[in-house]
Amino acid sequence: MRHTRRAIHAALTTTRALAAAACGLLGLLRYAAETGLTVLIGYTKDDGTASVRTVAPQKVWRSKAGHWCLRALCALRGEDRTFRVGRITNLETA
C-alpha cells in the first residue's frame, strides 16, 4: 500500500495526464479522500449542464445500481454533495 501511495503522490506532482495513466480516476479520488486533498473537477449534470467544482473528497463507493459515486464537500454549495464518477470529465489538484 505504501508503494501505491508513493506512486500516486509522484503522479500527482507531475502532470494530470501521467496521474490518470498511473492511477485512473477512481484511484486519484480515493487518494484525495485518504489524504485530504482538495481537487477541481469538471462535472456534467444529468440534464447536460457542465460546471467546474472545487471539492474535498470524503468517500468513493459503488452504488446498488452499479454506479461509482463520490461524496465530497463542495466549495460552491458549501455542503456535502454526491457526484457520479462517470460524469466527472476532468480532475486536477487544487
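## Disulfides and cysteines

The structure holds zero disulfides. Keep in mind, as you look around, that this is a predicted model.

Two cysteines are still worth a visit. Cys69 has a relative accessible area of 8% and is therefore buried, since buried means under 20%. Cys74 has a relative accessibility of 1%, so this residue counts as buried too. Both Cys69 and Cys74 will turn up again below, in the list of residues that Phe83 touches.

## Overall layout

Let's step back to the whole chain. The protein has two helices and five strands, and along the sequence they come in the pattern α-α-β-β-β-β-β. The helices thus precede the strands in that reading, because the pattern opens with α-α.

Of the 94 residues in the protein, 26% are buried. The accessible surface comes to about 5800 Å², and carbon and sulfur atoms account for 52% of it. Turning to contacts between residues at least 6 apart in sequence, 38% of them join residues at least 24 apart.

## The sheet

The five strands make an open sheet with antiparallel pairing, and their order is β4-β3-β2-β1-β5. At its edges lie β4 (79-84) and β5 (88-93), each of which pairs on one side only. From one strand to the next, the twist averages 45 degrees.

As a reminder, strands of a sheet pair through backbone hydrogen bonds, either parallel or antiparallel.

## Strand pairs and hairpins

A good place to start is β1. Strand β1 (residues 39-44) runs antiparallel to β2 (residues 50-62), and six bridges join the two. Along this pair, Leu40 stands opposite Thr54, Gly42 has Val52 as its bridge partner, and Tyr43 faces Ser51. The two strands form a hairpin with five residues between them, and in its turn Gly48 has a positive phi of about 95 degrees.

β1 also pairs with β5, in the antiparallel sense and over five bridges. Here Tyr43 appears again, with Ile88 as its bridge partner in β5. Tyr43 of β1 is thus placed opposite Ser51 in β2 and is bridged to Ile88 in β5.

Next comes the pairing of β2 with β3 (residues 68-74), which is antiparallel and spans seven bridges. In this pair Lys59 stands opposite Arg71. β2 and β3 form a hairpin as well, with five residues between the strands, and Gly66 takes a positive phi near 95 degrees there.

## The nonpolar core

What holds the most contacts inside the largest nonpolar core? This core has 15 residues, and those with the most contacts inside it are Leu29, Ile41, Val55, Leu70 and Phe83. The elements that give two or more residues to the core are α2 (16-35), β1, β2, β3 and β5. In soluble globular proteins, nonpolar side chains tend to be buried together.

Phe83 makes a nice viewpoint for exploring the surroundings. Leaving aside neighbours within four places in sequence, Phe83 is in contact with Ile41, Tyr43, Arg53, Val55, Trp68, Cys69, Leu70, Ala72 and Cys74. Among these partners, Ile41, Val55 and Leu70 are also listed with Phe83 as residues with the most contacts inside the core.

How values were computed: Residues are numbered from 1 along each chain as its sequence is written. This is a predicted model: local features need pLDDT of at least 70, side-chain atom pairs count only at pLDDT 80 or more; totals for chains, interfaces and linings use all residues. Side-chain values use heavy atoms; hydrogens and water are left out. Helices (H or I, at least four residues) and strands (E, at least two) are DSSP runs, numbered from the N terminus. Buried means under 20% relative accessible area, exposed over 50%, partly exposed in between (1.4 Å probe, protein chains only). Contact means heavy atoms within 4.5 Å. Accessible areas come from the Shrake-Rupley method with a 1.4 Å probe; for residues, only the protein chains shown count as cover. Two strands pair if DSSP finds at least two bridges between them. Axes are lines fitted to C-alpha atoms, for helices over the stretch in contact, and angles run from 0 to 180 degrees between N-to-C directions. A disulfide is a pair of cysteine sulfur atoms within 2.5 Å. A nonpolar core is a set of buried Ala, Val, Leu, Ile, Met, Phe, Trp, Tyr and Cys residues joined through side-chain atoms within 4.5 Å.
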